[in-house]
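Dear colleague,

I am passing on a structure that you have not worked with before. Please have it open beside this message as you read.

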Amino acid sequence: MFGECHAHLFMNGYNYHEAVELHRDRPKEDDIREKLRLYQEQGVTFVRDGGDALGVSALAKKIAPEYGIDYRTPLFAIHKNGHYGGIVGYGFDNMKEYHSLVKRAIREGADFIKVMFSGILDFGQAGALTEEPLDAEEIREMIHIAHEEGMAVMAHVNGAEAVRNAVEAGVDSVEHGNFMDEDCLQALAGSRAVWVPTYVTITNLIGSGRFDDASLRRLAEQQGERIRRGLALGVKIALGSDAGAYRVPHAQGIIDEYREFQRLAAPLLTKEELDARLAAAEHKIQKRFFRV
Ligand SMILES: [Zn+2]
């Protein structure tokens with residue numbers, strides 16, 4: 001079974017506020033064990049977390065080996081105050097504060113640094129993001145500071161310009177990567193970065209009634225085309241479902257993501273070729289997002 005390269009163990013797949021309530025005072029070990037058991041049952045032995053502000057992934061990392069799981073975490077994600085990211089981490093106002101958060105993550109045992117460079121998809125409005133991304137200089141400096149500290153960078157980033165800026169600055173993984181254009185996909189293909197599209201965060205919403213299904217289908221179609229194009233260009237693409245997000249249950253999320261990839265890759269790659277590509281990209285993540 002493939003690893004889950006993008007999960008948030010503290011979330012439950014249906015209600016963010018309930019998840020926060022559950023872990024508010026201290027991380028609830030029973031809940032963490034239950035989720036780790038789900039991964040174990042599916043034969044998932046590698047999980048990379050995207051962070052939380054409640055200490056859940058920190059505790060999960062400690063007990064995951066009991067479930068035969070190699071669990072990597074940034075502990076918390078880092079965002080610029082006033083921008084998206086508060087739901088999974090801490091904010092900064094200037095680069096000095098950013099650097100302090102990077103050092104704090106290192107001190108507390110993070111395996112890598114998770115940063116937020118852009119908003120999220122506006123599901124009610126196909127083609128739109130919820131906010132303007134950080135600018136090229138901020139993106140470059142944030143990646144540089146983390147690298148200087150010896151840490152790999154997992155970046156939440158959407159939008160062609162922001163993704164290209166991150167890729168050109170040497171980011172280690174691009175999470176989501178919605179709205180990339182051809183130019184951006186080619187830059188990605190020529191870079192060291194691994195792309196984790198978290199495709200099911202779109203497709204699993206279809207039929208939920210929360211958003212307009214026609215908009216969701218359009219978004220899914222567009223992102224599906226980008227994944228196909230990425231595969232054709234030789235982009236390193238790994239499976240990650242953003243498990244814990246709405247309608248993306250733990251352990252099931254990665255199964256859903258793999259099924260979607262098989263569908264998307266069908267005319268282009270054989271199952272063996274797809275599996276080899278996905279395994280190679282996951283291997284890169286395993287090697288890079290690690291601190292001894
Ligand atoms: Zn995430």
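Below is what was found in it, beginning with the strands and ending with the nonpolar core.

Please keep in mind throughout that this is a predicted model. One open sheet is built from 3 strands, which follow one another in the order β1-β2-β3 with parallel pairing. Its edges are formed by β1 (4–7) and β3 (70–72), each of which pairs on one side only, and from one strand to the next the twist averages 20°. Within this sheet, β1 and β2 (residues 46–49) run parallel and are joined by 2 bridges, and you will find Glu-4 standing opposite Val-47 of β2.

Further along the chain, strand β4 (residues 77–80) has parallel pairings with two other strands. With β5 (residues 89–92) it shares 4 bridges, and there Lys-80 has Phe-92 as its bridge partner in β5. With β6 (residues 113–116) strand β4 shares 2 bridges, and here Ala-77 stands opposite Lys-114 of β6.

Turning to the interior, the largest nonpolar core holds 88 residues, and the members that touch the most others in it are Ile-113, Val-153, Ala-166 and Val-174. As background, nonpolar side chains in soluble globular proteins tend to be buried together. Ile-113 is a good residue to look at in the viewer: leaving aside residues up to four places away in sequence, Ile-113 touches Pro-74, Ile-78, Val-102, Ala-105, Ala-146, Met-151 and Val-153. One of these contacts, Val-153, is itself among the core members that touch the most others.

With best wishes

Technical notes:
Residues are numbered from 1 along each chain as its sequence is written. This is a predicted model: local features need pLDDT of at least 70, side-chain atom pairs count only at pLDDT 80 or more; totals for chains, interfaces and linings use all residues. Two strands pair if DSSP finds at least two bridges between them. A nonpolar core is a set of buried Ala, Val, Leu, Ile, Met, Phe, Trp, Tyr and Cys residues joined through C-beta atoms within 7 Å. A residue is buried if 20 or more other C-beta atoms lie within 10 Å of its own, exposed if 12 or fewer, and partly exposed in between; C-beta atoms are placed from the backbone. Two residues are in contact if their C-beta atoms, placed from the backbone, lie within 7 Å. Axes are lines fitted to C-alpha atoms, for helices over the stretch in contact, and angles run from 0 to 180 degrees between N-to-C directions.
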